[in-house]
Amino acid sequence: LLEERGFAVEEKLDAEIQLDSATLAPFSVVILGSNNRRFSGEETRNFAKYVQNGGGAIAWSDSAFGGHWRDALGNTRGADSDNDLFAQFGMQFLRDNGAGVFTVRRYETPHFLNKNQAENGLAFRGEGVSAVRTTAPAQILARLQTGETKATLRLHPDDGALQPNDAALSVAQIGKGRVAGVFDRNTFWNAGEGTRLSEVDNREFAARLALWVSRRD
């Protein structure tokens, strides 16, 4: 999908790279996928400079990777890895809540990501497992919502009660760069359990996400 929209794609294993200028500079967008490694303070600062200078960044979080989902709910490694880099932008990814599937159709404001229509402009679906707790400088673009599914809006018990600033989609303008945080990786899958790229408008949403953070909107 990204190649169809003009991107050249490279995959990097988090355990085999360091986030420094040499690693980051060649890329217009960095996507955090199934990363589990904790990033150092120096890497966090390097990442901030990359974004400030015009880089784009996306995290589609799922806090727990590996094994059956019931066994993985208590694992925070994926969320901790994302938060090392994204907390400085006002996005904190919470634990896997195991709550089910959510469809997002309502947005807080018109935006390129929803075809400039706050209501029913574009729908995306995910398991909603890792809500994005959002503070400045980030802003909520779409709140957690069940849509037509029967999922229950809740957080993992260790994260307490649902807060008004817990989002499905958050965005931020950081210097010359843009960042986005999405509540689930399954939105972007091609197959497997949960949701996938072919459902509702997930495919168009994924493309617009990459185009927006790379300032190609």
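A pocket is an open set of grid points where a 1.4 Å probe fits, with protein on both sides within 12 Å along at least five of seven lines, and its lining residues have an atom within 4 Å of a point. With that in hand, a tour of this predicted model can start at its largest pocket. The space in the largest pocket comes to about 1,300 Å³. Of the 34 residues that line the largest pocket, Val9, Glu10, Glu11, Ile31 and Trp60 are the closest to its centre. Strand 1 contributes the most to this lining, with four residues, while helix 1 (21–24) and helix 5 are also elements that each supply at least two. Sorted by class, the lining holds 22 nonpolar, six polar and six charged residues.

From the pocket, the description moves to the nonpolar cores. In soluble globular proteins, nonpolar side chains tend to be buried together. Here the largest nonpolar core has 34 residues, and the members that touch the most others are Phe124, Leu169, Val182 and Leu209. At least two residues of this core come from each of strand 2, strand 4 (102–106), strand 5 (119–126), strand 7, strand 8 (166–174), strand 9 and helix 5. Helix 5 provides the largest share, seven residues. For Phe124, the contacts beyond four places in sequence include Phe102, Val104, Tyr107, Leu169, Val182, Phe183 and Phe205. Polar partners are found in the list as well, among them Thr103, Thr187 and Asn202. Another core, of 21 residues, lies apart from the largest one, and its members include Leu24, Leu32, Leu85 and Met91.

Helix 4 offers a good example of an enclosed element. Eight of the 10 residues of helix 4 (residues 77–86) are buried, so this helix is largely enclosed by the rest of the structure. The buried residues are Gly78, Ala79, Ser81, Asp82, Asn83, Asp84, Leu85 and Phe86. Their cover includes strand 1 (29–32), helix 2 (41–52), strand 2 (56–60), strand 3 (91–93) and strand 9 (177–182). Within strand 2 sits Ala59, which counts as buried at 0% relative accessibility. Setting aside neighbours within four places in sequence, Ala59 is in contact with Asp82 and Phe86, and also with Leu32, Phe93, Ala180, Gly181 and Val182. Between Ala59 and Leu144 the separation is 85 residues in sequence and 17 Å in space, C-alpha to C-alpha.

Charged pairs come next, and a search of the whole structure finds 15 salt bridges. One of them brings the side chains of Arg38 and Asp84 together at 2.8 Å, N to O. Arg38 belongs to the loop between strand 1 and helix 2 and Asp84 to helix 4, so the pair ties together parts that are 46 residues apart in sequence. The partners differ in exposure: Arg38 is partly exposed, with a relative accessible area of 46%, whereas Asp84 is buried, at 15%.

A salt bridge also joins the side chains of Glu108 and Arg143 (3.4 Å, N to O). Because Glu108 lies in the loop between strand 4 and strand 5 and Arg143 in strand 7, this pair ties together parts that are 35 residues apart in sequence. Here Glu108 is partly exposed, with a relative accessible area of 42%, and Arg143 is partly exposed too, at 34%. In a further salt bridge, the side chains of Arg133 and Asp166 meet at 2.7 Å, N to O. Arg133 is in strand 6 and Asp166 in strand 8, so parts 33 residues apart in sequence are tied together by the pair. Asp166 counts as buried, at 2% relative accessibility. Arg105, Arg125, Glu148, Arg196 and Glu199 are joined into one network by salt bridges that share partners.

A few features of the backbone complete the picture. Ala136 and Pro137 are joined by a cis peptide bond, with omega about 15°. Pro137 has its place in the loop between strand 6 (132–134) and strand 7 (139–143). Positive phi values in residues other than glycine appear at Val200, near 35°, and at Arg215, about 60°. Val200 is in the loop between strand 9 and helix 5 (202–213), and Arg215 lies in the segment after helix 5. Val200 is partly exposed, at 33% relative accessibility, and Arg215 is partly exposed at 46%.

Conventions
Residues are numbered from 1 along each chain as its sequence is written. This is a predicted model: local features need pLDDT of at least 70, side-chain atom pairs count only at pLDDT 80 or more; totals for chains, interfaces and linings use all residues. Side-chain values use heavy atoms; hydrogens and water are left out. Buried means under 20% relative accessible area, exposed over 50%, partly exposed in between (1.4 Å probe, protein chains only). Contact means heavy atoms within 4.5 Å. A nonpolar core is a set of buried Ala, Val, Leu, Ile, Met, Phe, Trp, Tyr and Cys residues joined through side-chain atoms within 4.5 Å. On a 1 Å grid over the protein atoms alone, a cavity is a set of points where a 1.4 Å probe fits but cannot get out, and a pocket is an open set with protein on both sides within 12 Å along at least five of seven lines; lining residues have an atom within 4 Å of a point. Grid points are joined across faces, edges and corners, and a volume is the space filled by probe spheres set on the points. A salt bridge is a side-chain nitrogen of Lys or Arg within 4 Å of a carboxyl oxygen of Asp or Glu.
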